[in-house]
Amino acid sequence: MVFLVLAQLVGLPFDLGRLLLRSDQSKDVEILLLRRQLAILHRTQARPPRLTRWEKLTMAVLATRLTGLCGGARARLDACLLLFKPDTVLRWHQDLVRRTWTFRRAPGAGRPSTSPELVELIIRLACENPRWGYARIHGELAKPGYTVGRSTVRDVLKRRDVPPAPERERR
């Protein structure tokens, strides 16, 4: 896989540099020769060959560069692409752009969130017992076996704008 990517990255600039040194006539002859070979290949195979992601990327980028050079882009793509339909290459380009601008977040990253049932229980305890503070609610939740910190109780009540009772000073 890494070798294929490296071959694509090194091969394309090398081919472009080699083309710059050649005359227009030799380029045209080479293009005609390659087109004839592709026409024969297209005629003998029942379906197009499978391409790797990097080959699709190269084809999509070159096709969009070709369409950006002059008008009549669709007709020019029809004339240049023999093995693949222009719609296919344009779909590859759309996939490339879609992958560039989207990302997946890692599932389960960070602390697990507090369950909605526990949040409702915290709010219910705070509303039914307005004199209890964060520590008392935390202690009452620990009796039946709920593991929640005082700071979590505080954060839940602050998010819901439930004013707790002032904490008593410890002696």
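Start by selecting glutamate 140 and lysine 143, whose side chains meet in a salt bridge at 3.1 Å, N to O. A salt bridge here is a side-chain nitrogen of Lys or Arg within 4 Å of a carboxyl oxygen of Asp or Glu. Glutamate 140 is partly exposed, with a relative accessible area of 22%, whereas lysine 143 counts as exposed at 64%. Buried means under 20% relative accessible area, exposed means over 50%, and partly exposed lies in between (1.4 Å probe, protein chains only).

The model is predicted: local features need pLDDT of at least 70, side-chain atom pairs count only at pLDDT 80 or more, and totals for chains, interfaces and linings use all residues. Residues are numbered from 1 along each chain as its sequence is written, and side-chain values use heavy atoms, with hydrogens and water left out.

**More salt bridges**

Next, select arginine 154 and aspartate 155, which form a salt bridge with the closest N and O atoms 3.3 Å apart. Arginine 154 is partly exposed at 32%, and aspartate 155 is partly exposed at 33%. Add Arg136 to Glu140 and Lys143: salt bridges that share partners join these three into one network.

How many salt bridges are there by this rule? The count is five. One of them pairs glutamate 120 with arginine 160, with 3.6 Å between the closest N and O atoms. Glutamate 120 lies in helix 6 and arginine 160 in the segment after helix 8, so the pair ties together parts that are 40 residues apart in sequence.

**Helices**

Switch to a cartoon view. The protein has eight helices and zero strands; helices (H or I, at least four residues) and strands (E, at least two) are DSSP runs, numbered from the N terminus. Of the 171 residues in the protein, 19% are buried.

Select valine 119 in helix 6. Is this residue buried or exposed? Valine 119 counts as buried, at 8% relative accessibility. Now add leucine 157: the two are 38 residues apart in sequence, and their C-alpha atoms are 8.7 Å apart in space.

**Pockets**

Select Leu12, Leu19, Leu34, Met59 and Leu62. The largest pocket has a volume of about 1800 Å³, and of its 36 lining residues these five are the closest to its centre. On a 1 Å grid over the protein atoms alone, a pocket is an open set of points where a 1.4 Å probe fits, with protein on both sides within 12 Å along at least five of seven lines; lining residues have an atom within 4 Å of a point. A volume is the space filled by probe spheres set on the points, which are joined across faces, edges and corners.

Helix 3 (53-69) gives the most to this lining, with 11 residues. The lining divides into 25 nonpolar, four polar and seven charged residues. Ala, Val, Leu, Ile, Met, Phe, Trp, Tyr, Cys and Pro count as nonpolar, Asp, Glu, Lys and Arg as charged, and the others, Gly among them, as polar.

Move on to Arg111, Pro112, Ser113, Thr114 and Thr152. Among the 15 residues lining the second largest pocket, these lie nearest its centre. This pocket holds about 280 Å³ of space. Helix 8 (150-159) gives the most to its lining, with five residues.

**Last stop**

Finish with leucine 62 in helix 3. Leucine 62 is partly exposed, with a relative accessible area of 43%.
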